[in-house]
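Here is a friendly walk through the fold, from the overall layout to a few single residues. Keep the structure open beside you as you read.

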Amino acid sequence: MEETDASVATLHALRALGITLVLDDFGTGYSSLAYVRRFPIDVLKIDRSFVADLDSEDAEDAGAIVEAIVNMARGLRVKVVAEGIETVAHAERLIALGCATGQGFLYARPVPPDEVPALAGRAPLATV
């Protein structure tokens, strides 16, 4: 990511091929606001640490961060996915904060590739 001009050109070429670009673990580590602004990102994945904190003593702060990410993404016309949804309470709080797409153990545990088609036809465990 240090060679940003080359990286940006490569990412634009990938998008031109129809590939969706996702910035994973947003809000932690190397996933900074600079990347969202500079790179052609299609989806931000909110790091699971913020989702886990939605029902902790840090719930108010975590909720403020999630809401800020959702609002920023909306302004940039970028989709948002929340990682690490483990409870219905997580799902409901995320919906209230404006994030209606998520993944996590509430919906399904990781499965081998040959089991994925069976999951696609299964009714959701919760609405997010």
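## Overall layout

In this predicted model, the chain is built from six helices and three strands. Followed along the sequence, these elements come in the pattern α-β-α-β-α-α-β-α-α. Of the 128 residues in the chain, 34% are buried. Among contacts with a separation of 6 or more, 46% are between residues 24 or more positions apart. The accessible surface amounts to about 8000 Å², and carbon and sulfur atoms hold 56% of that.

## The sheet

The three strands form an open sheet with the order 1-2-3 and parallel pairing. Strand 1 (22-26) and strand 3 (79-82) are at the edges with a single partner strand each, so one side of each has no neighbour in the sheet. On average, neighbouring strands are turned by 20 degrees against each other, direction ignored.

In general, the strands of a sheet pair through backbone hydrogen bonds, in either a parallel or an antiparallel way. Here, strand 1 and strand 2 are paired in the parallel sense over three bridges, while four bridges join strand 2 (residues 43-46) to strand 3, also parallel. On the strand 1 side, Phe26 has Ile46 of strand 2 as its bridge partner. Towards strand 3, Leu44 is partnered with Val80, and Ile46 stands opposite Ala82.

Which helix lies across the strands of this sheet? Helix 4 (residues 59-75) lies across strand 1, strand 2 and strand 3, and runs at about 180 degrees to strand 2.

## Strand 2 and the core

Strand 2 is a good place to look at side chains. Val43 and Lys45 point one way from the strand, Leu44 and Ile46 point the other way, and all are buried.

Leaving out neighbours within four places in sequence, the contacts of Ile46 include Phe26, Val80, Val81 and Ala82, as well as Val66, Ile69, Val70 and Cys99. Ile46 is also one of the residues with the most contacts inside the largest nonpolar core, a group of 29 residues. Others in that list include Leu23, Leu44, Val66 and Ile85. Elements giving two or more residues to this core include helix 1 (4-16), helix 2 (33-38), helix 3 (48-52) and helix 5 (88-96), along with strand 1, strand 2 and strand 3. Helix 4 gives the most, with five residues.

## Three polar residues compared

Is Lys45, a residue of strand 2, buried or exposed? Lys45 has a relative accessible area of 16%, and because buried means under 20%, Lys45 counts as buried. Not counting residues up to four places away in sequence, Lys45 touches Val22, Leu23, Asp24, Asp25, Phe26, Val81, Glu83 and Gln103.

Asp25, one of those contacts, lies in strand 1 and has a phi near 55 degrees, a positive value in a residue other than glycine. Arg77, in the loop between helix 4 and strand 3, also has a positive phi, near 60 degrees, and is likewise a residue other than glycine.

The table puts the relative accessible areas side by side.

| Residue | Relative accessible area | Class |
|---|---|---|
| Lys45 | 16% | buried |
| Asp25 | 32% | partly exposed |
| Arg77 | 72% | exposed |

Technical notes: Residues are numbered from 1 along each chain as its sequence is written. This is a predicted model: local features need pLDDT of at least 70, side-chain atom pairs count only at pLDDT 80 or more; totals for chains, interfaces and linings use all residues. Side-chain values use heavy atoms; hydrogens and water are left out. Two strands pair if DSSP finds at least two bridges between them. Axes are lines fitted to C-alpha atoms, for helices over the stretch in contact, and angles run from 0 to 180 degrees between N-to-C directions. Contact means heavy atoms within 4.5 Å. Buried means under 20% relative accessible area, exposed over 50%, partly exposed in between (1.4 Å probe, protein chains only). Accessible areas come from the Shrake-Rupley method with a 1.4 Å probe; for residues, only the protein chains shown count as cover. A nonpolar core is a set of buried Ala, Val, Leu, Ile, Met, Phe, Trp, Tyr and Cys residues joined through side-chain atoms within 4.5 Å.
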